[in-house]
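Thanks for coming, everyone. Let me put the structure up, and then we will walk through it together.

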Amino acid sequence: MSTISSFSQERSVTGTSLTNLNNANSSDSSSSFSTTILRDFARKELIDILDSIRGKKSLVIDPTISGSLSLIAEFSLLKEHGVENIYHLQPGRFNIQCQHLVYICRPKMINMKYITEHIHENSNNPDNEIQYYIYFVPRRTMICERVLEDVGVYGDVTIGEYHLDIVPLDDDLLSMELDNSFKDLFLDGDMTSLYYVAKALLKLQTIVGIIPKIIGKGKCANYLKDTLFNLRRELEANHANSISSIPLFPLNSEIDSLIILDRSVDVITPMCTQLTYEGLIDEVYGIKSTFVELDSSLVGLTQNTANISHKLKKIPLNSNDKLFSQLRDMNFAVVGGILSQVARRIQDDYEGRHQVKTVSQIRDFIGKLNNLRAEHQSLRLHTNMTEEIRKFTLDSDFNKFLEVQQNFIAGITSHNLVEYIEEMINNQQPIEKTIRLLSLLSSVCGGIKAKSYEFFRKEIVQTYGYQHIITLDNLSKVGLFKKHDKSKNTYPSVRKALKLIVDDVDEHSPNDISYVYSGYAPISVRLIQCACLLSNSKSMPLPSTTSLFNPSSILSSNNTTNNYDDNHSSSNNNTNNSSQSNVSWKGCEEILKLLPGPIFEEEQPVINNSIYLNKKNQNQRKISLVLFLGGCTFTEISSLRFLSQQEDIQRDFIILTTDIINGNTLVDSLINQVQDEIKSLTTLNYS
Amino acid sequence: MNSILETHPTIYWEALHDKFYMKEEIYTMEWEDINLSRYRIAGAPYGGPIAMIRDDSKILTLGNEVKSIMYFYTSAGKLIYQFQWTHGKIISMQWTDTENFVTVLKDGTVCIFDIHGEFSQFSLGREAKDYGVIDAVIWGSGLVVMTSNYRLIAVNNLDEPRPKLLSDAKLTEKPHSWIVLPPQFTLSRSLEVFLAVGNTILVVDISDVQDQLLIQGPFTKMSVSMDGKLLALFTEKGELWVISTDFQKNLSQYNTGSTVPPDQMVWCSGDTVLLYWTGYILMVGPFGDWIKYNYESPLYLIPEIDGVRIITNETCEFLQKVPESTESIFRIGSTEPGAILFDAYEQFVNKNPKADENIRMIKYELEEAVDTCIQAAGNEINIKNQKALLKAASFGKCFIEFYNSEKFVKMCQIIRVLNAIRFYEIGIPLTYAQYCRLTPEVLIDRLTNRYYHLLAIRICNYLEMNTERVVVHWACAKIKTFTDDEEILSKIIIDKLTSTNEGKPSLCYTEIAKEAYRSGMPKLATKLLDFESQAANQVPLLISMQEDELSLKKAIESGDTDLIYLVILHLHRKLPIADFFKIINEKPLACSLLEVYCKQQNLSLLKDFYYQADYKSETAAILTNESYKETDVMSRIEKLKTALKYYSEDKDRQFEVKSTDEHIKLLQIQEQLEKETNQVFLELSLSETIFKCLIIGQTARASKLRSEFRIPEKRFWWIKLKALVKTNDWEGLENFAKQKSPIGYIPFIEECLKANAPQEASKYVEKCDADQRPALWQRIRGEQQ
């Protein structure tokens, strides 16, 4: 099983990374946490559900979880367990002949409406006696049952739960796949997803052990932490009731810390265009649950180019594709070079057949051949895709857009740059793009001046349509696009303190995370870097990268928290435990104050004694679980992977996010969608 | 030689074929002046209680009490509870697996009592009521009754009674006898009833009646063994016949010589049958051997899984097959390792060197010998004998290297527990086998049910079990029986709970709170709920306690949004709308959730909510979105006008006011345009409308729109530029370019290039800044090629 640590091992092959320090140690630790456990759990439960319904059945799946399900179980497996057909849960007529109809959906009221329609429709048809089952993901809710009751179909359905919460997207990447979590949390104030995350985290802890340290920033992060503690208390109380002697949580957690960040702490990062390979694929094509839909001609599967049917094909993008895992985190600028290197290597490998002389050498070569083919296939895919994306990046609009964006984050908001946004509107650029840039402007300026604000609002409403007055209202409610108020603009200080802008980025062998945006380091990841680095540096000689941070801010904060620090170190001495969690906000409180939301730092009581911990954990690489509430971007994931290879961090990261977002999907969720039906009726080609 | 045993066990033994049976006296009954023959009796298995009520079918002797009183006694004859029987004629009575006492009455009512007489009842339905019940069989967790029209009604689960009519056997007279085979013992996993009719037996279940076509009947008495495998039949001719309950195997036959059916016929230790006629018990083994026990006193037999308890006027005895381990040690002349080890120990105590010889003899079977002694100790009732056997085991242990003492320690613990509950004051004579089957958890429950909380807690602590259930039960019982002031009670209880609960996460306070609420102490209930950590438990109770505010608060604290919805929707249903909003308003999360719910399910409630909270612009936003759902323009405008009204009431919403106002105007213009040009205009934005006007040649309209809505010059230039390119009006474009462009001329070139007209694009290069020209030329060239 590939684990997080072996993952970093792979990366070191790419040549971009620095020396990997703890390879030997980490591969020794066989107990290292593996995300595949979660997949196996989910898979087993799904099969149990299917088996509990005798005979042939049809599945109706909520489109928002179909991606997750395809990661959990392949179609052939479902077939083995009696599934004949799979449909998407959609509004409208649904004619089906079958005995058992199994819905797997999120507990959303709208889904209940669709299901009710199906049931009503079928009830008019007496020869088609259908047994209905609804499995709610991740749990049944009273509110949905109530909706079913109100329309009088509650008695017709068998209701169950499918506890699919965390979906492992990759070895180091976990997602709740809760679409639009940003909107739910920060616009609607609907904390349901936080409850699910808390439940999932608790479940995770029953597998990997209590995570001793939790730090976080943001209102939701704080709420989540409280809920998590509540739930743990409840669970332990419940556990105490039963007489089982099995401990609730494994003794020793390999994950030593949990870092929780609200998306609202850093809304600037998603608004920027991602410039890593994977990030750009997401910006251009959109990646859903690790799958990207490509024209089949791009995939390079169709050999006969004569009849190119423009069929879309789903391609999985994950670390099983060795080439992709090599490329995904790189800046796009270097991808082409690597691809041609790989092409040459593969060519050489093929050429190797001429050197083959003895029979055993032939056998060896044949053995390698299959591998080569797969590599070749993947090379073709990525070359084609790179080609397409390059076209996109060479576009002048794109470059102008990027330029303006980079100026904004560097704090340059001169008039002609702002005018570019006006031109975008006039030029009828997609509204998402316009809003991304506007939001970025608003965020770096701490709001837009009243006059411009009025102007842009009018331009948007008159150009994109009246319904966007509500879109604009939504944007201002979540603070993405707002009028300048009296409060001080904190961005310049944040930029300086966290050294967000790095001018001399070497994309080929980066020495800082800012390579993911070609010169801008995501605030979120910088914060994590601070938390992991600063506390480390207390006990270690200052590594060179510490100079990254504004030394004065460190000095001042050190002075203010001196007392606190002393306490901390003395407690450290007491337990005589050098490997104790050293993830902490200490030393960067000043910077954190500049960003919205409260900060907290908590130690979770752990049952085990430190002696045991000491023995086992001394040489093992520590793992931090990084949790994003409201989504994270591929660039942030890449930067964290990059961080884990830095000498001064010395830890691996596992990322858990409510969903994976980019600027477009984030903005999209906030756009007032009134016209869905109407728009499809009257499609008009403008320009 | 001194015996280390109090009495040698074998003195109670009697041989039946190749097995031994032993009958030991466990208790001398505590009760006085009881004549069992005058009572109807029901005894619970697992050393359970005995219920007795005067049998009104038997003649009273003068001077005895006349009123019917129901007594519950322990196995040792100690009164647990008594109460006056006022419920009507009892058809049948029995104890259930959970030690509840069930009575079936003539009118089809079933009354269930706990051991303290707390009572609940349910009815078996119309059929039973109309015809009346003539007989009933009650088993562990359910019952079957026979009505006077010989229909059978079954209840499978007494906790959730759902009376079901079984298949009609079409009887015309009462069967000679009948019994029930509980569902866990049948092949079909559904309950079966055996009716002895004529010479045969009918098997009735929910859907079917099956005649077993027997000719040996009529059967006047039937009995099913404890494991449900064997069926004992007593024929009219006095023959005892044993078959398997699936009627496939004929096992044994024995002629008792009595044509009178026995008063009681029960199974004992798996394969023998006890028949009781007044004056004696006849025990018949599987090979036709028999033992007869004479009794002067009337008696009552209670079958157990490993034997039979015999209750007489004076004693409680236990009759069982001698367990294997005990037999192998004490059987006269036994040479089993266990026996030799025990002998060795006896020699050792008597300082006889033979001990050493003995140990050597069983050198290789020592472990087996030790295990046997441990096991036999468990089977022993006599404490001195237990000690002797354990000491023998301990002695044997010394000669084994690496013996795992866990078994030994565990058995010592269990024996201590068993001795404690067998003590006559407690009066639960469990055997080791019964204890294992019952499990310590159930035993604790039974102890707490009898209010032996202290003993239960001590046993829990001793066995390292969780004491929580006991504490909760204690608190509930305390609340139920307490008559003093609520304040004092709550102090006692809370002190106790917090002190016993030190360091532990928490108890299930809800259950106690429920009891307090039921007993009319809402204050205590609320106080207790405060300690509860599980919101999912707490909230529903708070709701039923009408603690609206608090229930919402707790739900919010839990973070479980579904729970919050539960409260919100409940409050919405229950309270007047104003009060409902009042509670919700101060809680932001509740408000948010209400909004989310309403947006999808109940817009009118949302409007009410916004109205009372004075959220003008939110109301307007709903109306705005609603306007898009209207089909004709008039009603759309109506909606928008209302929205406008709301927006204008909020002084921060001037932009929305203006936009809405403009949109209404635009809609009107678009409608007009549609009529005039027969083109689609609705759903277009203002810019798009102007664009379309330009394309279809409505230039004047476009200009009018431009001025009416004060379109910025730049935008208008863009729109016109795009429209001209779209219609390929190159001449028009050139003319347009003659004016000074506020957007520069690069857009002209770009648009031309996009429209694949590089030739046209080239016309505008000279109008651009000099330093941009080379690059532009280059691009145009590129396109041309």
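**Salt bridges, inside and across**

Let's start with R651(A). R651(A) has a relative accessible area of 1%, so this residue is buried. Keep in mind that this is a predicted model.

What does R651(A) pair with? Its partner is D256(A), in a salt bridge whose closest N and O atoms are 2.8 Å apart. D256(A) is buried as well, because its relative accessible area is 6%, and buried means under 20%. Now look at where the two sit. D256(A) is in strand β9, residues 255-262 of chain A. R651(A) is in strand β15, residues 651-657 of chain A. The two parts are 395 residues apart in sequence, so this pair ties distant stretches of the chain together. One general remark: side chains of opposite charge can pair when their charged atoms come close.

How many salt bridges are there over all chains? A search of the whole structure gives 63.

Next, a pair within one helix. R457(A) and E454(A) meet through their side chains in a salt bridge, 3.1 Å from N to O. Both belong to helix α20, residues 450-464 of chain A. They are 3 residues apart, so about one helical turn separates them. Is R457(A) buried or exposed? Buried, at a relative accessible area of 9%. E454(A) is partly exposed, at 32%.

Over to chain B. E327(B) forms a salt bridge with R331(B), and here the closest N and O atoms are 3.2 Å apart. E327(B) counts as buried, with a relative accessible area of 10%. R331(B), at 29%, counts as partly exposed. Now for a network built from salt bridges that share partners. From chain A, it takes in E454(A), R457(A), D473(A) and K477(A). From chain B, it takes in E618(B), R653(B) and E656(B). So we meet E454(A) and R457(A) again, this time joined in one network with residues of chain B.

**Where the chains meet**

That brings us to the interface. Chain B puts 67 residues into the contact, and chain A puts in 60. In general, the size of an interface is often given as the accessible area lost when the parts come together. Here the area buried between chain B and chain A is about 5,500 Å². Carbon and sulfur atoms give 54% of that area.

What about charges across the interface? Between chain B and chain A, there are 7 salt bridges. One example is R139(A) with D560(B), where the closest N and O atoms are 2.6 Å apart. On the side of chain B that touches chain A, the residues divide into 26 nonpolar, 17 polar and 24 charged. Polar contacts also cross over: 22 residue pairs, with both residues at pLDDT 80 or more.

Let's zoom in on one residue, S659(B). S659(B) lies in helix α23, residues 654-677 of chain B. Which residues does S659(B) touch, leaving aside those up to four places away in sequence? They are V461(A), Y466(A) and I469(A). S659(B) counts as buried, because its relative accessibility is 8%.

**One hairpin to finish**

Last stop, back in chain A. Strand β6, residues 167-170, and strand β7, residues 173-175, run antiparallel. They are joined by 3 bridges. In one of them, P168(A) has L174(A) of β7(A) as its bridge partner. Together, β6(A) and β7(A) make a hairpin, with 2 residues between them.

That's my tour. Over to you.

How values were computed
Residues are numbered from 1 along each chain as its sequence is written. Chains are lettered from A and ligands numbered from 1 in the order in which they are written. This is a predicted model: local features need pLDDT of at least 70, side-chain atom pairs count only at pLDDT 80 or more; totals for chains, interfaces and linings use all residues. Side-chain values use heavy atoms; hydrogens and water are left out. Two strands pair if DSSP finds at least two bridges between them. Helices (H or I, at least four residues) and strands (E, at least two) are DSSP runs, numbered from the N terminus. Buried means under 20% relative accessible area, exposed over 50%, partly exposed in between (1.4 Å probe, protein chains only). Contact means heavy atoms within 4.5 Å. Buried area is the accessible area (1.4 Å probe) that two parts lose on being put together, summed over both. A salt bridge is a side-chain nitrogen of Lys or Arg within 4 Å of a carboxyl oxygen of Asp or Glu. A polar contact is a pair of N or O atoms within 3.5 Å; within protein, one must be able to donate a hydrogen and the other to accept it, and residues adjacent in sequence count only if both atoms are side-chain atoms. Ala, Val, Leu, Ile, Met, Phe, Trp, Tyr, Cys and Pro count as nonpolar, Asp, Glu, Lys and Arg as charged, and the others, Gly among them, as polar.
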